[in-house]
Amino acid sequence: MAKRETSKTPLRVLSVASEMYPFVKTGGLADVVGALPAALRQHGVEVTTIIPGYRAVLPKTKAASKHQGDLITLAQGDAGGSGLVLAANVPAAFDRAGGPYIDENGFDHPDNLSRFSTFAQRAAEVAAGLYRDLSAFDIVHAHDWQAAAVVGHLHHILKGRPLPTVFTIHNLAFQGRFGGECFQDVGLPASYFDRDWFEFYGDVSLLKSAVLRATKVTAVSETYAAEICGPAQGFGLNELLAGRGADLVGLVNGLDTAVWDPETDPALPLTYTSRTAAKGKAAAKAALQSQFSLETSAEKPLFGLVSRLSDQKGIDLIAAQIDGLVFRGAQVVILGSGDPGLAASLAAKARQHPTQVAFTEGYSEALSHLIHAAADFLLVPSRFEPCGLTQLSAQRYGAVPIVSPLGGLVDTVIDANPAALRAEVGTGIILRSVDPEGLGTALNRALALYNHDPEAIAQVIENGMSADVGWHASAAGYAALYRSLL
Ligand code: ADP
Ligand code: GLC
């Protein structure tokens, strides 16, 4: 280790993931995988990323015949901050309609086990130096269940020549669990269908194999790392996770502050800094109100929501508060996609209050950025939240986050209670409990601040905008973790 640092030889890491911004994204996983290479470069780590060759990432490069083959280069190592980005070209698994995990009708692709196992096998071969001119990597860093089988495949390929592995849990709710009769789809000998590897209560669990066998396991915040060791948030894996002891580490996510920068953001009508936030945010609010034909008012408090629509995110709790918010003079602007039932309930609220509530069902980076700039508050009342990124982007854009008292949310938001206001450190509002009463009380606090304490809310906004929400500290943490494995 000392030798590497003194000789300045970069440490070479292969990052294996099913999403990477800006190539393919369904949630925060993509943001993290996309931001880490540039952040880690500052710490002497050279990251190559491999993602599946989905149809959506292929067309841009397909025409060039040099790109045909098992691996397609999506970005060269020297092109910008992303490092070398490869796509595993397995047309039978990935060149098809639909999203990364679900088909056009919203159902899981029926062959997800074999799709992502094939991807993991290809990634393990690359890591081991079996592909092209890429020599073996120093460390493999796999993310979430879709990449978890890389640990088993590496073990199989390298037979007794271990390569250190780091496995990051972004969301324990998704484990890649399939019937035991499908084990052959993993592409490993039957001996791996064993309690020391993939077998979990008779099923195949991709995530479990990596939780148990990766050299180190990380979770995306310290609080979440602790929560998943208990039964309430452990999704059946808590004992295994607790059993990893010091090999389970919490490293909180950062925000890509180049992508999220109100000073340069092309999606905003008027860019701003913390000094000019009042003007910049007023322009964004006016633009958003006009875009959705909402009542034009600079005074009305605007609550924003940008989220996957799922039970995890507490969307039902928000829907139940909308009438009350409108009654008390607020506006609500929502961008989200996912659960059709939740979408229908939000659409009904928008129809009921056409001049005060707007709901856009879908996915849009540009609208998301505009909402962050326009909103006075951003809602994140999650039932569980491994880290969460929107409370970070909200702070950076001067939208006060209203968050649940759990997971990465409490590691990244300081509740603006009276003591925090006196000490001038508050950056948001933390619910006391994730239920109607907890959210209702938090919304009352938000409205009281907005309507009656302009100095306090200005301070909270400024604290949030100057908070260190970037990657620096955690990138240093990952770099130190990698080095400890050599
Ligand atoms: P999760 O990964 O659980 O969905 P995170 O807060 O970690 O939650 O990350 C979500 C990411 O996806 C953020 O970058 C957020 O801005 C973005 N996002 C979520 N829904 C949408 C949407 N409908 N349109 C645009 N961006 C979205
Ligand atoms: C998951 C989690 C979210 C986290 C993201 C990136 O999607 O739900 O909390 O921020 O991964 O790590």
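## Two ligand sites and the strands of a predicted model

An oxygen atom of ligand 2 lies 2.8 Å from a polar backbone atom of G388. Taken alone, ligand 2 exposes 310 Å², and the protein buries 93% of that area. These values, like those that follow, come from a predicted model.

**The site of ligand 2**

The shell around ligand 2 holds 13 residues, of which H170, N253, E385, C387 and G388 come nearest. Besides the backbone of G388, side chains also take part in polar contacts. An N or O atom in the side chain of N253 is 2.8 Å from an oxygen atom of ligand 2, and a polar side-chain atom of N171 is 3.4 Å from an oxygen atom of this ligand.

By class, the shell around ligand 2 comprises 5 nonpolar, 6 polar and 2 charged residues. Helix α2, which spans residues 28-41, gives the most to this shell, with 3 residues. Ligand 2 lies between domain 1 (11-254 + 471-484) and domain 2 (277-466), because both domains give residues to the shell around it.

**The site of ligand 1**

Around ligand 1 there are 19 residues, and G28, D31, R308, G362 and L389 come nearest. Polar contacts involve both side chains and backbone. A polar side-chain atom of D31 lies 2.7 Å from an oxygen atom of ligand 1, and an N or O atom in the side chain of K313 lies 2.8 Å from an oxygen atom of the ligand. A polar backbone atom of S364 is 3.1 Å from a nitrogen atom of ligand 1. On its own, ligand 1 has 560 Å² of accessible area, and the protein covers 92% of it.

The residues of this shell divide into 4 nonpolar, 10 polar and 5 charged. Helix α2 and the strands β12 (302-309) and β13 (331-338) each supply at least two residues of the shell around ligand 1. Strand β12 gives the most, with 3 residues. Domain 1 (11-254 + 471-484) and domain 2 (277-466) each provide at least three residues of the shell around ligand 1.

The polar contacts described for the two ligands are set out below.

| Ligand | Ligand atom | Protein partner | Distance |
|---|---|---|---|
| Ligand 1 | oxygen | D31, side chain | 2.7 Å |
| Ligand 1 | oxygen | K313, side chain | 2.8 Å |
| Ligand 1 | nitrogen | S364, backbone | 3.1 Å |
| Ligand 2 | oxygen | N253, side chain | 2.8 Å |
| Ligand 2 | oxygen | G388, backbone | 2.8 Å |
| Ligand 2 | oxygen | N171, side chain | 3.4 Å |

**Strand β5 and its partners**

Strand β5 (residues 139-143) is mostly covered, with 5 of its 5 residues buried. Residues I139, H141 and H143 point one way from β5, whereas V140 and A142 point the other way, and all are buried.

Strand β1 (residues 11-16) runs parallel to β5 and is joined to it by 4 bridges. In this pairing, V16 stands opposite A142 of β5. Strand β6 (residues 165-169) likewise pairs with β5 in the parallel sense, over 4 bridges, and T168 of β6 stands opposite H143.

**An open antiparallel sheet**

A set of 3 strands forms an open sheet in the order β7-β9-β8, with antiparallel pairing. Strands β7 (177-178) and β8 (199-200) stand at the edges, each with a single partner strand, so one side of each is left without a neighbour in the sheet. Strand β9 (residues 203-205) runs antiparallel to β8 and is joined to it by 2 bridges. Within β9, D203 is the bridge partner of F200.

Conventions: Residues are numbered from 1 along each chain as its sequence is written. Chains are lettered from A and ligands numbered from 1 in the order in which they are written. This is a predicted model: local features need pLDDT of at least 70, side-chain atom pairs count only at pLDDT 80 or more; totals for chains, interfaces and linings use all residues. Side-chain values use heavy atoms; hydrogens and water are left out. A residue is near a molecule or strand if one of its heavy atoms lies within 4 Å of it. A polar contact is a pair of N or O atoms within 3.5 Å; within protein, one must be able to donate a hydrogen and the other to accept it, and residues adjacent in sequence count only if both atoms are side-chain atoms. Accessible areas come from the Shrake-Rupley method with a 1.4 Å probe; for residues, only the protein chains shown count as cover. Ala, Val, Leu, Ile, Met, Phe, Trp, Tyr, Cys and Pro count as nonpolar, Asp, Glu, Lys and Arg as charged, and the others, Gly among them, as polar. Domain bounds come from an automatic or database domain assignment. Two strands pair if DSSP finds at least two bridges between them. Buried means under 20% relative accessible area, exposed over 50%, partly exposed in between (1.4 Å probe, protein chains only).
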